[in-house]
Amino acid sequence: MLLVLALTGLLSVSWWGGKAPAIEPPIKLKIATSTTPLSAPLIIARELELFKPYNLDIELIPLRGGHLCFQAMIQGVADIATSSESVIMFNGFERSDFRLLASFVESDNDLKLLTLNDKQPRSMTQLNGKKIGMVKASASEFFADAFMIIRGHQQQNFHKVFMSPQALGPALLAGDVDAISIWEPFGYKLIEEHGDAIYQYPGKGIYNLSFNLVTSAVNAKLHQQQHANILRALKSAQNFINQHPENAKQIISDYLNISQPELEWAWNDYVFRLSLNNSLISNLHAQARWAIASGTVDAQVPPDFRLLLDDSALKQALDY
Amino acid sequence: MMINTRLKLLLFISLFLTTTILLTFAGLKHIQQDNLRQLSSIMELESNIDILRSRLWALQEFQDPEVLIQTLNAHQELKQKLAKAQFLAPSTKILTTNLNRQADSLAALLELTQQHLSSTPQRGITSARGMLTTRFNITIQSMSEDLTSLQRQVIDSLAEQQSQILSSTILFLLAGSIISLLFTISTLKAFRESLHPMKQGIKRLSQGDLDGNIKVVHHNELAILAQKFNAMTQKLKETTIRKEALQSEVQSQTKQLKRQTQKLKYVAEHDDLTGLYSRSAFERQIDTAIARCQRTQMHAAMLFIDLDKFKQVNDSLGHDNGDKVLSTAARRIQSAVRSSDICGRLGGDEFVVWLEPINDIAEVSIVIDKIIAQVSPPIVCGRTSVSLTVSIGVAMYPGDELTRLNLIKIADDNMYQAKKISGNSHRFSDTIAQQVEKSEVD
């Protein structure tokens, strides 16, 4: 009888203990979120109110591309940003006052190199001397370069034309550029609208994109607990995506205002999981070496990305 | 609840707990086997990735078609292993998907490598070979990391499953044991509470107390037994009451019978009219007295008394007055002798008296005188009165005779001799008379 009483006591104590944090006012944090299905875990967590149990009031600031999100975070508009590792790599040369908290999605097929379909057989050197449209200092630029290099092109063999992501499609159609390096869902939209007029180069394996949570070095220290809780909510969201993919897609489709087929286009390329692996550091270093070697940046030595990674919140979240 | 039902329930709970333990062990063994299979599968995958890594290194170093074939074979083998690999934990699905995706990336990269085999070898990341090497390295590294994560998740999943099974089993066993314990205590309590009044009841009954019923506390086998016992005690009580009543009735009847027997004996032994011994009873008394005198060497005397002219009284005054005269005479004769002496009526107006003990003949004479004196006063019969005279014959024991019959005969004979004399008279045998005379002379 005594044992039963003790167990009941412990259960009630833990029940009250679990309820206790709700008394404090929720902590407000802003996350600059790229309007791409890659941000699905954040959107799902926000829509399903998965941040609430952790007493977090999360506001998502929608921006077109991780490079803009990163800027918003640096400018203090947002506390946290979603960025591809390429954006982080480029910014790593400029500053060291930010920290990479975790990678929450990966895709090896998010970037596409598109050109107008001239029904001609494709050759390795077809793009020699051509103008390629891309977004500066982003995954778009690295992917285009990596693609061209692997295809046997030299840096001087093609011309980079930098523009905003939304301007790339119209520039290709207008003939201002010969090819564009673009991420989803812009690639899908272009192919959907113009069908056979667009040709997509096979680029699988050339680039592995990861989308990451980045915050300022100061915030990483100040809000470690909150960041761990955000990651816990993202983990719940990822579980929801894996267990109820159709519901998840519906939520994303409604939130980003994109059609289901558009979402389906790239959905299967995404791997939603929380990580901060050495392969990400290797990827960052490889891209940094490319940036130096290609003259994309002025620096001669790549930054030490290990210092820009802060896995304390992730460890805390995964041990939960 | 019946004790039998309680014991059956306890047996059921015990069997249930034992089955739970057996199932837990079976479950744990199954999990362990699954875990071994999954871990062995992961190790095979790790080995395949290692082989592929070394092939890729050789390929990047030597750009040889033969190495390319080896690399493609290694890649193919890895793909087959990945296709076969099955992991149970749901969280491993992402990792296996990613491993397959990366294997596909490697396939695409290998195809691109094939196209560059003939080109001029260049180094550095801005060269195709350099970029491919980087991509190969990063992909292989990522695959190794995913395999490590996979391994950890399989182990974590196993640990979680084991922990869940163990904790639920412990909780289950704990709850079962507590229920079993409480049930046993309750059964024991019920048994004790039922048994104690039983013992008390049996003890009371053994001491003869038929009034104490056993109080039924619980509804079980002992309660049924107690109810039967109570019914039995009640029956026993009723039977005992009947037996006692019967005994009392028998005792009362026996008492009455004894009284009647005594009365009958009295009636049989005594004369209706006078209340003296009847002839037969007197004879028995005399036989006993003679035997006693023989034994004690005592002397005794038999007086044969006859009322003179009684027939005339009877005839003149009627039988009623005759009877009154007889009963009065009998009462007076009895009052003249000692209570130890025996008086009897032989019939009609003949009375006999046995005097015992007698020290000498003079004592007999004194008694005879006393009898004559007692009988002599007139008896009132209506308006007249009757004055009686008696003739007394004496026979002495052992002087005259030793047997009853002869003693009576001698006394009777002596009475006839006395009758010859008018008025009150008595007569001894001649030998006795001589002794009397002699003693008077002496």
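The crossing of helix 5 of chain A and helix 4 of chain B is left-handed. This comes from a predicted model. Helix 5 of chain A spans residues 139–150, and helix 4 of chain B spans residues 128–206. Their axes come within 7 Å and cross at roughly 120°. That angle is over 115 but not over 145 degrees, so helix 5 of chain A counts as oblique to helix 4 of chain B.

Which residues make this contact? On helix 5 of chain A they are A:Ala146, A:Ile149 and A:Ile150. On helix 4 of chain B they are B:Ala128, B:Met131 and B:Leu132. By class, the contact has 6 nonpolar residues, with no polar and no charged ones.

**The wider contact between the chains**

Now take the whole contact. Chain A puts in 24 residues, and chain B puts in 29 residues. On the chain A side, three elements each supply at least two residues: helix 5, strand 11 (270–275) and helix 12 (278–293). Which element of chain A gives the most? Helix 12 does, with 8 residues. By class, the side of chain A that touches chain B has 10 nonpolar, 10 polar and 4 charged residues.

**The sheet behind helix 5**

Helix 5 of chain A also belongs to another part of the picture: it packs on a sheet. In chain A, 5 strands form this open sheet, in the order 7-6-8-5-9, with mixed pairing. The edge strands are strand 7 (159–162) and strand 9 (198–200) of chain A, and each pairs on one side only. From one strand to the next, the twist averages 30°.

Look inside the sheet at strand 5 (residues 111–116) and strand 8 (residues 179–183) of chain A. They run antiparallel and are joined by 5 bridges. A:Leu113 has A:Ser181, in strand 8, as its bridge partner.

Two helices of chain A pack on this sheet, as the table shows.

| Helix of chain A | Strands of chain A touched | Angle with the direction of strand 8 |
|---|---|---|
| Helix 5 (residues 139–150) | strand 5, strand 6 (131–134), strand 8 | about 130° |
| Helix 6 (residues 165–174) | strand 5, strand 6, strand 8 | about 150° |

Helix 5 of chain A thus appears twice: it touches strands of the sheet, and it contacts helix 4 of chain B.

**Confidence**

How confident is the predictor? For chain B, the mean pLDDT is 89, and 98% of its residues reach 70 or more. For the complex, the predictor gives an ipTM of 0.84 and a pTM of 0.65.

Methods. Residues are numbered from 1 along each chain as its sequence is written. Chains are lettered from A and ligands numbered from 1 in the order in which they are written. This is a predicted model: local features need pLDDT of at least 70, side-chain atom pairs count only at pLDDT 80 or more; totals for chains, interfaces and linings use all residues. Axes are lines fitted to C-alpha atoms, for helices over the stretch in contact, and angles run from 0 to 180 degrees between N-to-C directions. Helices (H or I, at least four residues) and strands (E, at least two) are DSSP runs, numbered from the N terminus. Angles under 35 degrees count as roughly parallel, over 145 as roughly antiparallel, 65 to 115 as roughly perpendicular and the rest as oblique. A crossing is left-handed if the near helix is turned anticlockwise from the far one by less than a right angle, and right-handed if clockwise. Two residues are in contact if their C-beta atoms, placed from the backbone, lie within 7 Å. Ala, Val, Leu, Ile, Met, Phe, Trp, Tyr, Cys and Pro count as nonpolar, Asp, Glu, Lys and Arg as charged, and the others, Gly among them, as polar. pLDDT is the predictor's confidence in each residue, from 0 to 100. Two strands pair if DSSP finds at least two bridges between them.
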